[in-house]
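Dear colleague,

I am handing over the structure below, and I would be glad if you looked through it slowly before reading my notes. After it you will find what I found, set out part by part.

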Amino acid sequence: MSVNPDKMDSRAELFDFHGVSMTHYFTDNWENIQNFQARPDDILIATYPKAGTTWVSYILDLLYFGQKSPERETSIPIYERVAFLEICVPPLESGKDLADKLPTSPRLIKTHFPVQFVPKSFWEQKCRMVYVARNAKDNMVSYFHFNRMTMIQPEPGDWSNFFQKFMEGKMVCGSWYDHVNGWWKKKQTYPNLHYMFYEDLIEDTGREIDKLCCFLGLSPSTEEKNRIACGVQFDNMKKNNLVNYSTFAIMDFKISPFMRKGKVGDWKNHFTVAQNEEFDEDYKKKMKDPTLQFRTEI
Ligand code: A3P
């Protein structure tokens with residue numbers, strides 16, 4: 001459905017929701033979301049916003065359906081193939097309703113919720129989950145440009161204002177630090193969780209697809225894997241109108257494209273030397289777990 005962005009309730013305010021900053025677009029459907037009935041073969045793609053959700057969503061979509069239903073690749077936008085569980089922006093169909101209606105098996109469902117917000121049926125059904133994490137500096141930069149161009153997100157303000165807010169966790173879906181750590185901790189007790197890194201995907205997409213296949217129990221041919229690795233490269237996704245969000249009404253591509261840069265290290269074009277020092281100091285205090293390490297350059 002197309003929506004006139006001028007008619008929408010537009011930019012939302014952040015508020016504290018069970019200890020996490022959120023906007024009403026992601027909490028209005030809370031009861032229904034919490035009562036969502038997951039199926040054992042559902043796959044949950046979980047990320048902090050701007051960590052590579054669309055990239056991994058498209059990889060999974062191609063792995064499961066690229067050969068089985070090739071017409072899907074040329075007719076349905078990615079945001080209708082993969083349901084965004086918590087989104088609720090009337091008159092668009094809610095993510096929960098879309099998930100309920102997905103005709104595929106498995107159903108691919110994405111969420112930006114911190115781990116403690118995931119509906120309990122996903123855990124009860126022992127669903128497989130893929131978490132993608134991205135280094136905080138690039139994640140912050142990507143989120144800044146996303147909030148500039150996405151009309152339902154809070155106003156990002158200028159870069160220095162956004163920089164402070166990010167460190168304070170005053171972002172939709174809360175603190176990056178809590179998010180990546182919360183999901184990392186969950187991995188220790190929940191074996192059906194595959195935790196992957198954006199930087200690894202950039203470094204060697206084929207290797208990461210192999211790991212995903214291993215986790216999901218899939219064995220595509222080498223030819224098929226190569227086809228997928230090629231189709232999901234940044235330049236190809238940027239050109240592909242069914243995965244680049246160019247058909248999604250609430251984004252203004254004149255401000256910034258959704259497929260923006262797709263790089264590790266773009267933070268260097270945004271952080272001042274002083275900001276970098278302040279950030280690193282604060283990071284050390286918040287990221288105490290030595291087993292969770294990020295790369296800010298490769
Ligand atoms: P940038 O803004 O740094 O370019 P999400 O899908 O979670 O919203 O994440 C979007 C970010 O992932 C954007 O980052 C986007 O360019 C990047 N991205 C999407 N597909 C990609 C790909 N195939 N290769 C590299 N980066 C990709």
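**The sheet and its edges**

Strand β7 is covered on both of its faces, with Leu193, Tyr195 and Phe197 buried on one side and His194 and Met196 buried on the other. Please keep in mind while reading that this is a predicted model. The split of these residues between two sides fits a general pattern, which is that side chains in a regular strand alternate between the two faces of the sheet. Counted over the whole strand, which spans residues 193-197, 5 of 5 residues are buried.

Where does β7 stand in the sheet? The sheet is an open one of 5 strands, paired in parallel, and its order is β4-β5-β3-β6-β7. Both β4 (83-84) and β7 stand at the edges, and because each has a single partner strand, one side of each is left without a neighbour in the sheet. For β7 the pairing is with strand β6 (residues 128-133), in the parallel sense and over 5 bridges, and within it Ala133 has Phe197 of β7 as its bridge partner. At the other edge, β4 is joined by 2 bridges to strand β5 (residues 108-111), which runs parallel to it, and here Ala83 has Ile109 of β5 as its bridge partner.

Two helices that pack on the sheet are worth finding in the viewer. Helix α2 (residues 53-65) touches β3 (43-47), β5, β6 and β7, and its direction makes about 160° with that of β3. Helix α11 (residues 205-216) touches β3, β6 and β7, and its direction makes about 175° with that of β7.

**Tyr177 and a pocket**

Is Tyr177 buried or exposed? This residue, which is found in helix α9 (residues 176-189), has a relative accessible area of 2%, and because buried means under 20%, Tyr177 counts as buried. Leaving aside residues up to four places away in sequence, Tyr177 touches Phe166, Met167, Phe279, Asp282, Tyr283, Lys286 and Met287.

Two of these contacts, Tyr283 and Met287, appear again in the second largest pocket, where they are among the residues closest to its centre, together with Gln293, Phe294 and Thr296. About 190 Å³ of space lies in this pocket, and the 13 residues that line it divide into 6 nonpolar, 3 polar and 4 charged. Helix α14 (273-286) and α7 (136-149) each give two or more residues to the lining, and α14 gives the most, with 4 residues.

With best wishes

Notes: Residues numbered from 1 in each chain as written. Predicted model: local features only at pLDDT ≥ 70, side-chain atom pairs only at ≥ 80, totals over all residues. Heavy atoms only, no water. Buried < 20%, exposed > 50% of the residue type's maximum accessible area, 1.4 Å probe, protein only. Contact = heavy atoms within 4.5 Å. 1 Å grid on protein atoms, 1.4 Å probe; cavity = no way out; pocket = protein on both sides within 12 Å on 5 of 7 lines; lining within 4 Å. Points joined across faces, edges and corners; volume = space filled by probe spheres on them. Nonpolar A, V, L, I, M, F, W, Y, C, P; charged D, E, K, R; others polar. Pairing = 2+ DSSP bridges. Axes fitted to C-alpha atoms, helices over the stretch in contact; angles between N-to-C directions.
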